[in-house]
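User: Please take a close look at one helix of this protein and at what surrounds it. I am a first-year student, so a connected account in plain steps would help me most.

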Amino acid sequence: MRFEFRLPDVGEGITESELLTWHVAAGEDVREDQLLCEIETDKATVEIPAPCSGRVEQLAAQVGQIVRVGEILAVFDAEQAPAQQFSGEKHAAPAMLPTSAAAPSAQPAGPVRAAPSTRRYAHQQDVDLATVTGSGPKGRVLREDIDAVLARCDQPTPIPPSAPSRTASSPAAPAGGERRWRLSGIAKAMYESMSRAAHVPQATTGFAVNAAAFEAARARLAAHTGQRVSYVALLIKALIPALKAAPQFNASLDDQTLEVIEKHYYHIGFAAYTDAGLVVPVIRDADRLSVVQLSANIDELAARARDRKLAPDDMRGATFTLSNWGSHGGQDIFGTPIINPPQVAILGMGRVRSEPVVVDDSRIEIQRRLNLVLSYDHRLIDGVTALRFMQPILAAVQDPLLLLADV
């Protein structure tokens, strides 16, 4: 029987998604729960399984297409009626689809082999993957293949003799040309989040602290446990006591009721870079984890972020965020973290580096220094309160033994 499978509601209020890749082809027999396709929401890449066993009659969306929740993704000749995964009543009925015999000729006979990051790159560059010859294993399209296509497109096109000459009323386009592309996925989510942050009056205070003992403690812990210990994990251990002592930093602000909601749990978000943009995975109940467990969680979540395998729940519910601009580059000395609403504060950290420091107003000493920058909602937190909040964190960085005082 014919079954039209519509894009299901994946939660989080998401209304549309970009189709990244098909894992089946038209005419292929599939089994229920077999991987059907991957979509990219504003928050993560989501794998969509086949809703039923049967034969794929039609793939109703193209790779790179934005599909709204409730629109038809694929049509099956199902062995039996599957449970409808989307009610669809609240969405407009989709346009009548062509039959499989009248399917558009552009419909791919099989999925183009390419990594999700390569697909995004192709989409950003407005390159149709179906027109690219892959040079990777089994014809897999690589980023270099797309660059080669772009390089060919950049070759100057001779102007035919019959081309009309430009007039003063039609000025020549800039020689470099322009490219327009649509924000989607993580880039769109970052746009929306930072747009919300722009409505928050933020103040920022920077600090520099001697981190020699902090650095030595990290090395000793790694040697003792035989596992990597990250600076971010160690700083979270220093952060938790400060959040407990100053709960207004581990809070959100309800703009409608003007209420402050203090959180007595500690879900710490951390900024993770991916090729598609920044994401903020969340370590839940960070106060209950050892520094080794924190480090392992950070590494695992960061790896899944790079592979676009984070689920929406992995990026939801942070009560405070830590940003580490020092993990990239090495020449930068300062960064301004931006609050991720509805949170009210964010702490940024740089790279531990050697710097000359005037000691006792009489001599210069080379120290291992760490720059920390705190941004906070100035409607709720003033500068003096921010300074007091940072004191135990700075003290713990200078003397990590103080971390043992946390109960």
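**Helix 3 and the other helices**

Analyst: In this predicted model, the buried residues of helix 3 pack against strand 2 (16-22), strand 4 (35-40), strand 9 (202-210), strand 13 (272-274) and strand 14 (277-279). The residues in question are Gly-185, Ile-186, Ala-187, Lys-188, Ser-193 and Ala-197, which are the buried residues of helix 3. Lysine 188 is thus named among the buried residues of this helix.

The length of helix 3 can be checked by a short calculation. Helix 3 covers residues 185-197, which is 13 residues. The expected span is 1.5 Å times one less than the number of residues. For helix 3 this gives 18 Å, and its end C-alpha atoms are 18 Å apart, so the expected and the computed spans agree.

It is useful to place this helix within the whole. The protein has seven helices and 19 strands. Of its 407 residues, 43% are buried. Among contacts between residues at least 6 apart in sequence, 65% join residues at least 24 apart.

The packing of one helix on another can be followed through helix 5, which has contacts with helix 4, helix 6 and helix 7.

Consider helix 4 (residues 212-225) to begin with. Its axis and that of helix 5 are 10 Å apart, and the two helices pack at an angle of about 115°. Helix 4 is therefore roughly perpendicular to helix 5. The crossing of helix 4 with helix 5 is right-handed. On the side of helix 4, the residues in contact are Phe-214, Glu-215, Arg-218 and Leu-221, and they meet Tyr-231, Leu-234 and Leu-235 of helix 5. By class, this contact holds five nonpolar residues, no polar residues and two charged residues.

Next comes helix 6. Helix 5 (residues 231-245) and helix 6 (residues 291-306) have axes 8 Å apart and pack at an angle of about 130°. Helix 5 is therefore oblique to helix 6. Here too the crossing is right-handed. Val-232, Ala-233, Leu-234, Ile-236 and Lys-237 of helix 5 touch Val-291, Leu-294, Ser-295 and Ile-298 of helix 6. Sorted by class, the residues of this contact are seven nonpolar, one polar and one charged. Leu-234 takes part in the contact with helix 4 and also in the contact with helix 6.

Helix 7 (residues 383-398) completes this group. The axes of helix 5 and helix 7 come within 9 Å and cross at roughly 150°. Helix 5 passes helix 7 in a right-handed crossing. In helix 5 the residues involved are Leu-235, Ala-238, Leu-239, Ala-242 and Leu-243, and they meet Phe-389, Pro-392, Ile-393, Ala-396 and Val-397 in helix 7. This contact consists of ten nonpolar residues, with no polar and no charged ones. Leu-235 also appears in the contact of helix 5 with helix 4.

A general point helps in reading such lists. An α-helix has 3.6 residues a turn, so residues three or four places apart point the same way. In helix 5, Leu-235, Ala-238, Leu-239 and Ala-242 are among the residues that meet helix 7.

The loops deserve attention as well. Arg-308 lies in the loop between helix 6 and strand 16 (320-324). This arginine has a relative accessibility of 4% and therefore counts as buried. The phi angle of Arg-308 is near 60°, a positive value in a residue other than glycine. In sequence, Arg-308 and Thr-45 are 263 residues apart, yet their C-alpha atoms are 5.4 Å apart in space.

Asp-360 also has a positive phi, near 55°, and is likewise a residue other than glycine. Its place is the loop between strand 18 (353-359) and strand 19 (363-377). Because its relative accessibility is 62%, Asp-360 counts as exposed.

Val-63 belongs to the loop between strand 6 (54-59) and strand 7 (66-68). Its relative accessibility is 36%, so Val-63 counts as partly exposed. The C-alpha atoms of Val-63 and Glu-18 are separated by 7.9 Å, although their positions lie 45 residues apart along the chain by the count of separation.

Finally, the peptide bond from Pro-341 to Pro-342 is cis, with omega near 10°. Pro-342 is found in the loop between strand 16 and strand 17 (345-349).

How values were computed
Residues numbered from 1 in each chain as written. Predicted model: local features only at pLDDT ≥ 70, side-chain atom pairs only at ≥ 80, totals over all residues. Heavy atoms only, no water. Helix = DSSP H or I, 4+ residues; strand = E, 2+ residues; numbered from the N terminus. Buried < 20%, exposed > 50% of the residue type's maximum accessible area, 1.4 Å probe, protein only. Contact = heavy atoms within 4.5 Å. Axes fitted to C-alpha atoms, helices over the stretch in contact; angles between N-to-C directions. Parallel < 35°, antiparallel > 145°, perpendicular 65-115°, else oblique. Left-handed = near helix turned anticlockwise from the far one by under 90°. Nonpolar A, V, L, I, M, F, W, Y, C, P; charged D, E, K, R; others polar.
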